[in-house]
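Thank you all for coming; I would like to take a few minutes to go through one structure together, starting with a single residue, then the whole chain, and then some particular places in it. Please have the sequence and the model open while I talk.

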Amino acid sequence: MRISRRVFAAAAAAVVLMPLSACGSGGDDGGSTDASGKVEGDITFQTWNLRANFKPYFEGVISGFEEKYPGTHVKWIDQPAEGYADKISADAAGGTLPDVVNVSPDLVAPLAKAGLALDLDKSAAKYKSEYLPGAWASHEIPGMTGTYAFPWYLNTGPLFYNKSLFEQAGLDADQPPKTYDELFAQALQLAKKTDGKVATLANVPTVEDFGRYGVELMNKAGTAFAFNDAKGIELLTKYKELYDAKALDSQALTATPESSGKKFLTGAVAMNPGSALDLDNFKKQAPTLYKNIGITDQITSTGHVNMYVMGVMVNSKTKHTPASVVFAHYVTDAQQQMSFAKKVAIFPSTAGSLDDPYFTKEDGTDETRVRIAAAKSLENAVNYTPVLFSEQMKTALRNEVAKALQGKESPTTALDNAVKACNTLLQQED
C-alpha cells in the first residue's frame with residue numbers, strides 16, 4: 001500500500017449546498033455543534049481502503065473506545081479506493097453520510113462548504129494543541145473560518161538517486177543536488193554524458209512542485225489561482241530545457257507514479273521521489289540498484305518539504321456529536337497514531353510523537369535512516385496541494401504543461417491558460 005503516492009480524488013460538486021446556519025438545528029437533522037455532553041450512542045466510522053491490511057488494528061481501536069466509554073457502539077465501514085469520492089458525494093446528497101469519515105483535505109472542502117463538516121475550531125478547540133500546527137491547518141478551507149477534520153496520518157519521503165548513474169556521468173555520487181539550480185545543471189550534464197539515454201527526472205511538474213519552488217499558488221484571499229507568476233514561468237521554462245535535452249524522460253507527459261518507479265528500477269532515470277516503503281521493493285526487485293541507492297532530501301526553495309495528509313471528519317449532522325467528536329479524537333490521538341505508524345510506513349500528526357526514539361534513533365539500516373529523515377522534515381512540512389485544487393484542475397494543469405514542453409505553447413501562455421481553466425472550475429464549485 002503506497003500511501004505516500006495515493007491519488008486523492010476530488011469530491012464531485014454534486015453536494016446540495018445548504019446554509020451553514022442549518023447546522024446545530026437539532027431535530028431529524030441532528031447537527032448539534034456542542035461536543036461537551038455525555039459520550040454515548042451508536043455512531044458509524046468510515047475508512048478509506050484500510051480493512052484488508054489493518055482489520056485487527058481498527059477492531060482494537062474500536063473495542064478500546066467502547067470499553068473506555070460504556071454506552072457507545074461504533075459501526076465500522078470501509079470503502080474501496082475506487083470511487084471513494086463519488087461515494088462520499090452520494091452519501092452527502094442523500095443524507096446518509098457516516099458520523100465520522102476518513103477524508104483528505106480536498107474531499108472535506110465541498111463538505112465544509114455544504115455545512116456538512118463540523119468546525120473543530122468551535123467544537124473541539126481543546127484538542128488543537130495536541131497536533132502539529134501544519135497538520136491541524138491542513139483541513140482549513142480558503143474563504144472559510146475554521147478547521148474541518150482532525151489531522152490523522154502523514155507521509156513524506158526523500159529523493160532516491162542511482163549513485164552508479166551519477167558516477168558514470170562524472171558527477172559526485174556523494175554530493176547529490178541540494179538546490180534547483182544544482183538539480184537542473186546536473187540533470188543536463190547526465191543527459192549529455194549518456195547521449196540522452198538516461199534522464200534524471202521522470203515526471204512533469206505538478207502543482208506541489210510549483211509550491212516547493214516557491215510559487216504563490218493562490219491569491220491571499222484564496223479566491224483565485226496565481227501560479228502563472230514569474231516564478232512559475234521560470235520553473236516551467238527550466239523543465240522545457242530538461243525535456244529538450246532528454247534530461248526529463250520522454251514519456252514523462254503520460255507518466256504515473258508506478259511507471260516512474262519502474263523507470264527508476266530499470267536505470268532509465270537517475271532520480272525518483274519515494275518513501276521508506278520503496279526500499280524493501282528495491283531490495284527485492286532490483287538488488288543491484290539497492291546496492292547503489294542514494295538517499296537525499298526533497299529539493300525545495302521554501303525550506304519546507306511537501307507532505308501528504310489524511311484526516312478524520314465529523315459529520316455536522318450527527319445525532320451524537322459528543323461521541324463522534326471524542327471518537328474522531330481517539331482515533332487520531334498520540335497513542336493510536338503511534339501504534340498505527342509502527343504497522344505501516346506513515347507518520348503521526350500529533351505534537352511530540354516524532355520525538356519518539358522510533359523516529360530519532362539510528363540502527364544502521366537504510367529504512368530507519370529514511371524514516372528518521374522524513375520524520376524530522378515533517379515537523380515543519382507543508383501540504384502544498386491547495387485544498388481547492390480538484391482532479392479536473394490537476395488535469396488542466398497537466399495538459400497545459402504538456403503543451404509547453406512539446407513547444408506547442410510558450411510556458412507563459414500555458415500557465416495563463418491553466419490558471420484560467422482552474423479559476424473557471426473554482427467558480428463553478430462555489
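Is Lys-284 buried or exposed? Before I answer, please keep in mind that what you see is a predicted model, and that every value I quote is computed from it. Lys-284 is exposed, because its relative accessible area is 63%, and a residue is called exposed when that value is over 50%. As for its setting, Lys-284 belongs to helix 11, which covers residues 276-285. If you look from there to Ala-247, which is 37 residues away along the chain, you will find that the two C-alpha atoms are separated by 28 Å.

Let me now step back to the protein as a whole. It contains 17 helices and eight strands. The radius of gyration is 22 Å, close to the 22 Å that the globule rule gives for 430 residues, and therefore the protein is as compact as a globular protein of that length. The C-alpha trace, taken along its principal axes, spans about 70 × 50 × 30 Å. Of the 430 residues, 54% are buried, and among the contacts with a separation of 6 or more, 77% are accounted for by residues 24 or more positions apart. The accessible surface comes to about 18300 Å², and carbon and sulfur atoms hold 50% of that area. Turning to charge, there are 42 positive and 50 negative charges, and the mean positions of these two sets are 4 Å apart.

I would next like to move to strand 1 and helix 1, going along the chain. Ile-43 sits in strand 1, and it counts as buried because its relative accessibility is 3%. What does Ile-43 touch, once its neighbours within four places in sequence are left aside? Its contacts are His-73, Val-74, Lys-75, Asp-99, Val-100, His-320, Ala-323, Ser-324 and Phe-327. One of these partners, His-320, is 277 residues away along the chain, and yet the C-alpha atoms of Ile-43 and His-320 are separated by 7.1 Å.

Between strand 1 and helix 1 there is a loop, and Asn-49 is found in it. Asn-49 has a positive phi of about 60°, although it is not a glycine, and it counts as partly exposed because its relative accessibility is 35%.

Helix 1 itself runs over residues 51-68, and it bends by about 40° at Tyr-57. Tyr-57 is also one of the buried residues of this helix, together with Phe-54, Phe-58, Val-61, Ile-62 and Phe-65. Which elements cover those buried residues? The cover includes strand 1 (41-48), strand 2 (72-79) and strand 4 (150-155), and it also includes helix 13 (321-331) and helix 14 (334-341).

A second positive phi turns up elsewhere, at Asp-195, where the angle is near 55° in a residue other than glycine. Asp-195 lies in the loop between helix 7 (180-193) and helix 8 (207-213), and, since its relative accessibility is 66%, it counts as exposed. Lys-193, for its part, has its place in helix 7, and it too counts as exposed, because its relative accessibility is 56%. Lys-193 and Tyr-153 are 40 residues apart in sequence, and their C-alpha atoms are 42 Å apart in space.

My final stop is Val-387, which is placed in the loop between helix 15 (366-378) and helix 16 (391-405). Why does this loop residue count as buried? The reason is that Val-387 has a relative accessible area of 12%, and the limit for buried is under 20%. Not counting residues up to four places away in sequence, Val-387 touches Pro-105, Asp-106, Ala-109, Ser-138, Glu-140, Ile-141 and Pro-142. Gly-60, by contrast, is 327 residues from Val-387 in sequence, and the two are 32 Å apart from C-alpha to C-alpha.

Conventions. Residues numbered from 1 in each chain as written. Predicted model: local features only at pLDDT ≥ 70, side-chain atom pairs only at ≥ 80, totals over all residues. Heavy atoms only, no water. Bend = angle between axes of the 7 residues up to and from the residue. Helix = DSSP H or I, 4+ residues; strand = E, 2+ residues; numbered from the N terminus. Buried < 20%, exposed > 50% of the residue type's maximum accessible area, 1.4 Å probe, protein only. Contact = heavy atoms within 4.5 Å. Rg over C-alpha atoms; globule rule 2.2 N^0.38 Å. Areas by Shrake-Rupley, 256 points an atom, 1.4 Å probe, with all protein chains shown as cover. Lys, Arg positive; Asp, Glu negative; His and termini not counted. Charge placed at Lys NZ, Arg CZ, Asp CG, Glu CD.
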